[in-house]
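Please look over the sequence and the structure below. This report starts at a cavity and then turns to a sheet and the chain as a whole.

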Amino acid sequence: MSADESLLEREELERLLSVGRSLVSELDLEAVLIGVLDAARQLTGARYAALGVLDAEKTELERFLHVGIDEETRRRIGPLPRGHGILGELITDPRPLRLDRIGDHPRSYGFPAEHPTMTTFVGTPITVRGEVFGNIYLTEKEGGEPFDESDEQLLIVLSEWSAVAINNARTHAEIRRGRADLERLVQGLQATASLSRELGGESDLDRVLELVTKRARALLEARSSYVLLQEGADLVVRGAAGEGGVRSIGRAVGPGSGTAGFIGVEASRRIGPAAAESLQELGIDSSAGLAVPLRSRGQGLGVLLVVEHAGADPSFSADQQLTLESFATSAANAIAAAHAIEDEKAKLAIASSERERGRWARELHDETLQELGALRIMQENAARAGSLAEVREYLASANEQVARTVAGLQGLIAELRPAALDQLGVAAAIDALIERLGSRSDLGFEADIDIGYERGEDEARYTPELESTIYRLVQESLTNAIKHAGATRARVAIEERDETVLVRVEDDGSGFDLSTVRRGFGLTGMRERVELAGGELAIEGREGGGTLIRVRLPVRRPGT
């Protein structure tokens, strides 16, 4: 110790050591500061004690802790001291100061009204790691006596113990903050890894946005979270999670709005109460928020927004901003991948639609137009007939031709979109398809359809898109068996199991070598339909061994 401990009696030293051990064992800074004040009064018999903590510039007091004055008296005195008068003397000249009468010092200028009488004084600085942390002030020794040199030495030694205790507490706080930062970093990495695992192979954009918003909200313990995607010049809410999030879906802000002015796609922003009022444009009632850009491969996709931290302070820290920025990188890549898959699906759908149009154009040309042409010839022959009997004969033939043409058109309409598919479901539509094909060919059919809706286990049918996909796959497979394979038997099996629809179509036709067939037989359209539905297609065709088509499709029902 730097103080002259020879001036201290043995009993005082023992008390000082006991106080020192107690202080240095405390790791909470606030508890250390209060402990210092209590120890100072206990060691010196002072009635009043205070501890002033200096600000960063070391020019005035940032905090002022005190004991000995009740709260009501303190309230009447007014604002806490900032370091003027005698208190300022220790700031400008950080050395121990002891006064028998405070009023005799040239820097003393009295006390505020309602302030208790204070005459005697002793104070000393607290130096931590070579810098003055603050000062201890004591006034009014018991019995009205002035503080003596022993009191001053006790206070000096106590200030050194205090410096050790304050340094320990601050170090402990830094370690705790570092641990908390590390935990947040680990949480961020875990959330990013979890998002990557869950999104592995996920191509549905709505599902991607749902996972991103839920994970972001949990990661930052936010009240709610949102994904705003860039659509033209606007930012549109396309994903939300948490309290009140759903009411913001579909809302947009444009370049002229107040919200777009502070949540852009270029830089992260911590949003305070004033700026948060603009979020009401999006249906978000909040007092604080954090917005980070979603960027993938240099392209701005939108913004990830979280609002109101769940703790006592609703705002978000700089560390939380870094955590969310790291998470947003993975989120943006996942969203970009889902966008790319959706774009590819759209291209496939357009290409498939064009092929469908071409097919039906050929069907109309090869069948319907030829039949109408034959009907016209019959009408012309009837007009040139030389007798009424010939006219009747030609008209009878024309009526038969009309009936065939009508039947053909009905078949084409049924193939385009059978009414049974919309009204009764995929099972009834396939039964009707098999009946219709059976009437027009010599092919024998077997059908085994076992799905949840038909068994009565599910109240909802599949989505129209999935039903159409199943129907078209079966239709194309059976049409190939009739037109190209020369088959005599075909079997259709459709089974729902573990949220998957399994479709099998096999025939005993001539088969084909799949390695030599890349296009034709409707194979391209079948593959595209299966890809658009998120399924898998396998075709086995062997010379002389028939053909087996196997398809796996994920179950989708309206609202899921």
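Gly425, Val426, Ile451, Tyr453, Glu454, Ala460, Arg461, Tyr462 and Glu467 line the largest cavity. The model is predicted. By class, this lining divides into 5 nonpolar, 1 polar and 3 charged residues. The volume of the largest cavity is about 40 Å³. A search of the whole structure turns up 1 cavity of 30 Å³ or more.

Now the sheet. An open sheet is built from 6 strands, with antiparallel pairing. Its strand order is 8-7-6-11-10-9. Which strands form the edges? They are strand 8 and strand 9, and each pairs on one side only. Inside the order, strand 6 sits between strand 7 and strand 11. Strands 6 and 11 pair in the antiparallel sense over 7 bridges. Within this pairing, Tyr226 has Leu305 of strand 11 as its bridge partner.

Helix 6 adds a layer of contacts to describe. It lies across strands 6, 7, 10 and 11. Its direction is at about 140° to strand 6.

The strands of the sheet span these residues:

| Strand | Residues |
|---|---|
| Strand 6 | residues 222-231 |
| Strand 7 | residues 234-242 |
| Strand 8 | residues 252-253 |
| Strand 9 | residues 269-271 |
| Strand 10 | residues 289-296 |
| Strand 11 | residues 299-309 |

Last, the whole chain. It holds 14 helices and 16 strands. Of its 560 residues, 44% are buried. Among contacts with a separation of 6 or more, 61% join residues 24 or more positions apart.

Technical notes:
Residues numbered from 1 in each chain as written. Predicted model: local features only at pLDDT ≥ 70, side-chain atom pairs only at ≥ 80, totals over all residues. Heavy atoms only, no water. 1 Å grid on protein atoms, 1.4 Å probe; cavity = no way out; pocket = protein on both sides within 12 Å on 5 of 7 lines; lining within 4 Å. Points joined across faces, edges and corners; volume = space filled by probe spheres on them. Nonpolar A, V, L, I, M, F, W, Y, C, P; charged D, E, K, R; others polar. Pairing = 2+ DSSP bridges. Helix = DSSP H or I, 4+ residues; strand = E, 2+ residues; numbered from the N terminus. Contact = heavy atoms within 4.5 Å. Axes fitted to C-alpha atoms, helices over the stretch in contact; angles between N-to-C directions. Buried < 20%, exposed > 50% of the residue type's maximum accessible area, 1.4 Å probe, protein only.
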